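Subject: Structure for you to look at

Hi,

Here is the structure I promised to pass on. Please open it next to this email and have a look while you read.

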Amino acid sequence: MNPWVALDWGTSNFRAYLMDHNHVLDQISTQEGMKFLDQKEFENTLIKNITPWNKKFDIKIIIASGMVGAKQGWIEVPYIKSPCDIRNINFKTLNILDNVNVHILSGISQSNPSDVMRGEETQIAGFLLNNIDFDGSICLPGTHSKWVNLNSYNIRKFTTFLTGELYEIIKNYSILNHSINTTEHDDEIVKSAADFIIENPSLISNKLFEIRAENLLKNSNKISSNSKLVGYILGIELSGSRTFWEDKDLIIIGSSNLNKFYELILNGRSNSIRLFNSNDMVLKGLSFFKKSLNL
């Protein structure tokens, strides 16, 4: 038995998994992501969280993915430039507790047009673990949604949309703050709003204000207003990413609640859609890199 730690350390959360080969023995999740830590606090945070495991199993290897390798993270790990073979990802190694090697993975950059990802490449690697011949598009929904064109291990191009963050900003800090105070939604309204904006993206600003006007003049309910906002924001992303999903075989890797929105809207527009859980793919991806990088 040679336990190791798979570490998904992002902007908001710290998620660590005690692994035996590819099997999870234990896990810990805290809200100790990059945005809550000073650079000097990363090492002590990691040590604190894994000490119970280390005392029992004498861990030697930790493989980390996510914002921990960003400029504002523990240590900056330079991006690998796309187009690229995902198996050649960069990494840096730090030593803690005298005998524990922490291998921090890089992200991937793109020069034209300018774009970056850090963490999503691990989810992609996790999908490839059992789908090495895939040729098509992958969508990774989230705060910053990614669309990736992939041929086996080769990332050809990718693009990012500020979808989740834009939704939160508009909902909480714009005039719509007075009209939307719920997280509930109606699937049919979401789909209808998204369908409209996919075909009429130039009207996005107009339709957003219409949500407020309907609330003032017709006393529209908050679930309807929130559903339209969700649909409009998703629609503007999908309008811009059309070349990735239209008549394509599509993989969606995200949380179950986000995956269902994309499937709802794109069903019938893409050739095929398969859904995968992002947490599962991160674990598989860290196992993938452990093997492919000989760590």
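Below are my notes on pockets, cores, aromatic pairs and one leucine.

Before anything else, keep in mind that this is a predicted model.

Pockets first. The largest pocket comes out at about 1,600 Å³. Its lining takes in 47 residues, and those nearest the centre are Pro141, Gly142, Thr143, His144 and Leu258. If you colour that lining by class, you'll get 22 polar, 16 nonpolar and nine charged residues.

The second largest pocket has a volume of about 200 Å³. It is lined by 13 residues, with Asn2, Pro3, Trp4, Ile61 and Lys290 nearest its centre. Helix 9, residues 278–292, gives the most to this lining, with three residues. The class split here is five nonpolar, four polar and four charged.

Next, the inside. In soluble globular proteins, nonpolar side chains tend to be buried together. In this model the largest nonpolar core has 34 residues, and the members that touch the most others are Ile86, Ile124, Phe127, Ile138, Val148, Ile155 and Phe289. Elements that each supply at least two residues of this core include strand 1 (4–9), helix 2 (120–128), strand 11 (135–140), strand 12 (145–151) and strand 13 (154–161). Helix 9 turns up again: the largest share of the core, six residues, comes from it.

To see how this core is put together, try centring on Ile138. Leaving aside residues up to four places away in sequence, Ile138 touches Ile124, Phe127, Lys146, Trp147, Val148, Leu150, Ile251 and Ile253. There is also a second, separate core of 29 residues, with Ile180, Ile198, Leu250 and Tyr262 among them.

On to the aromatics. Searching the whole structure gives nine aromatic pairs. One of them is Trp9 with Trp74, an edge-to-face pair at 6.4 Å centre to centre with 65 degrees between the planes. The two partners come from distant parts of the chain, 65 residues apart: Trp9 belongs to strand 1, while Trp74 sits in the loop between strand 4 (61–65) and strand 5 (80–81). What about their accessibility? Trp9 has 0% relative accessibility, so it counts as buried. Trp74 is buried as well, because its relative accessible area of 13% falls under the 20% cut-off. Both tryptophans also belong to an aromatic cluster made up of Trp9, Phe14, Phe42 and Trp74.

Another pair worth displaying is Phe127 with Phe276, also edge-to-face, at 5.3 Å centre to centre and 70 degrees between the planes. Phe127 lies in helix 2 and Phe276 in strand 15 (residues 272–277), so this pair ties together parts of the chain that are 149 residues apart in sequence. Phe127 has a relative accessibility of 1% and therefore counts as buried. You've met Phe127 already, as one of the residues that touch the most other members of the largest core.

Last, a stop at Leu208, which you'll find in helix 5 (residues 204–218). Is it buried or exposed? Leu208 is buried, since its relative accessible area is 14% and the limit is under 20%. Outside the residues up to four places away in sequence, it touches Ile170, Leu176, Leu229 and Tyr232. Leu208 and Leu229 are 21 residues apart along the chain, and their C-alpha atoms are separated by 6.9 Å.

Happy to talk it through whenever suits you.

Cheers

Methods. Residues numbered from 1 in each chain as written. Predicted model: local features only at pLDDT ≥ 70, side-chain atom pairs only at ≥ 80, totals over all residues. Heavy atoms only, no water. 1 Å grid on protein atoms, 1.4 Å probe; cavity = no way out; pocket = protein on both sides within 12 Å on 5 of 7 lines; lining within 4 Å. Points joined across faces, edges and corners; volume = space filled by probe spheres on them. Nonpolar A, V, L, I, M, F, W, Y, C, P; charged D, E, K, R; others polar. Helix = DSSP H or I, 4+ residues; strand = E, 2+ residues; numbered from the N terminus. Core = buried A, V, L, I, M, F, W, Y, C linked by side-chain atoms within 4.5 Å. Buried < 20%, exposed > 50% of the residue type's maximum accessible area, 1.4 Å probe, protein only. Contact = heavy atoms within 4.5 Å. Phe/Tyr/Trp six-rings, centres within 6.5 Å; stacked < 30°, edge-to-face > 60°.
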